[in-house]
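Here's a quick briefing to get you oriented. Have a look at the model first, then read on.

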Amino acid sequence: MKYRPSLRTRRMAISTAVVLALSGANGPWVYRFSSERYHEYKINKPDYKAANGHWDFLDIPSGYRVNTIHAALLHTGKVLLVAGSGNNRKNFDAKSFRSVLWDPKTDEFKNIPTPKDMFCSGHTQLPDGKLLIAGGTRRYEKLKGDVTKAGGLMIVHNEDPDKPITLPAGTRFTGSANGRTFVSKDPVLVERATKVFDRRTGAFLRNDAGLGRIYVEAQKSGEEYGTGTEDNYRIAGLTGSDARNVYGIAQKLALDKKDFQGIREAFEFDPVAEKYITVDPMNEARWYPTLTTLRDGRVLALSGLDEIGQIVPGKDEIYDPKTRKWQYTGIVRRFPTYPAVFLLNDGKLFYSGSNAGYGPADVGREPGIWDLATNRFRKIPGLSDADEMETSATVRLPPAQDEKFMVIGGGGVGESDRSSAKSRLVDLLDPAPRFRDGASLEEGTRYPSASLLPDDSLLVTGGSNDYRGRSGSNVLQARLYDPRADTYRRVADPAVGRNYHSGSVLLPDGRVMVFGSDSLYADRANTRPGVFEQRIEIYTPPYLYRGPRPELTAGPKSIRRGGTGRFMTAHGATITSAKLMRPSAVTHVTDTDQRSVALGLKRTAGGITVTVPGNRALVPSGWYMLFVTDDRGTPSEGMWVEVP
């Protein structure tokens, strides 16, 4: 008898065929779905978190999402996120400048009125706990094809030794040889000439002209109104001796690309009042400057693009928080923009060679130790991939007493596609310091973010192989670096790629906030413009998944240098170390405030006693997070302590 399948069997066969057909058509999707579900399951397992940590997105309400360019942890425990115009010309033209305050304890947000475009400013922590922010954006860059009027730098000379002169905006300069007229965009003060005498005889030798720098543009659009060579320029409206003594000199004035221009304005952000306070403006306009706190609490401002879009010609200046005024140092030293310059234990400064880009490839890029008092600069040899230091990160390894630094990754000058996988180490306590290569990253990495952790490890995350993440080159990896073993260990991967305009900040609870990223393109083929990454990720390190952590329950809010402080804790018997960690103020993966200072530690009945080093350059005045760590390497939550 011929076999006839039952109705149930036929239905099962049809269902199986349908499933197989669907699986064949959707195999990649099914595999992807299964892989993603498994990955999600795996990274949320307790043992995985305890070994690798975990990433979470910060839930930011839509009204508080900004293009975070700068971030600083304040002594109130809140984080100031500064966008300014956020690298968005429409915001700049509309004078829409943003800052947002985030409270990690409550996840509450607050919009902060922002008076100027602080996009690409510099910042540092001040001794009283305020944040100094200086510089920012006066004008966005114009690419060559977008420039319609010839223009550029005009150097105004004043040969009158008796008086300075101010030329208003709209002053007209006419070339002696080319006959073309250019108009200034802003007012300019030109100092009087300096009389020079023979030191031996006292005889008068000459007048050295006072100089002023101003940006000028042609009156009409078109290439025919530009120039190709240097010329002297007569200044309209001057009469008598002024017409003879005051004149302009300009090189080529053409339709070339015009770089960003900086501003002079400076502000203090008050964490308690939660508002910006206007202070005395800088003497020089600066865009992409570095602010470095000095031993006495004053602040050194370095580099940046000025009001005409050129590197500030070595005119460094110092801010005094007591007077809220700026004063030139009187010395000249040139650096590329955002130079990584750190305060050392003897009050001198260390320049690692890390920078964020603008400036000649052959000027001010060699690392070394700088004595600000004498302007002597001692170069440090041995730096590998020395021509790939742009967009690298520099970290002062713990403890800060040891003066060991690490330079991570980096890339070629400008829009180069070259990147370095090197980590370079240098011990500045060595009588003859020299860079040596440490553990390498897996691949070349520009824009790596690096945050010191309270267990003395270092979180290194993000970055990209290519300039601004071109060709989908973001590095979706995170690593913990152990300074004692000089080893990297791969941990949980972030979900978001980070490149240009990114950074990371250690929070008081021991987690790390990672922000920003400004990709040039949104696809691997480089066909669609990139979109600024407004999402913020929070990394919870493995040490927060090990169970209970030590806790400080009470203690002084202030400890003087060289002094001691007694803190109450029920975990004194297991505590093995204590440290003060200076809060971050980071931009463009540059954070010269970041440091971890080891403290003397004694166990006492019901608590511990810590001793703060007496060196003012090692422990600059200000607010710090006090962390203690137990014998499992688990840190406490940071307790805020002021060093007055």
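**Strand S2 and its surroundings**

Strand S2 (residues 70–73) is covered on both faces: His70 and Ala72 on one side, and Ala71 and Leu73 on the other, are all buried (under 20% relative accessible area, with a 1.4 Å probe and protein chains only; over 50% would be exposed, and in between partly exposed). In a regular strand, side chains alternate between the two faces of the sheet. This is a predicted model, where local features need pLDDT of at least 70 and side-chain atom pairs count only at pLDDT 80 or more, while totals for chains, interfaces and linings use all residues. Residues are numbered from 1 along each chain as its sequence is written, and side-chain values use heavy atoms, leaving out hydrogens and water.

**Partners of S2**

- S2 runs antiparallel to strand S3 (residues 79–84), and 4 bridges join them; strands here are DSSP runs of E, at least two residues long, numbered from the N terminus, and two strands pair if DSSP finds at least two bridges between them.
- Opposite alanine 72 you'll find leucine 80 in S3.
- The hairpin of S2 and S3 has 5 residues between the strands, and glycine 77 takes a positive phi near 90 degrees there.
- S2 is also joined to strand S43 (residues 585–587), antiparallel again, by 3 bridges.
- Here alanine 71 stands opposite valine 586.

**The barrel**

- Elsewhere, 6 strands make a closed barrel with antiparallel pairing, in the order S9-S16-S12-S11-S17-S18.
- Strand S12 (residues 181–184) pairs with strand S16 (residues 210–218) in the antiparallel sense over 3 bridges.
- Serine 184 has valine 216 in S16 as its bridge partner.
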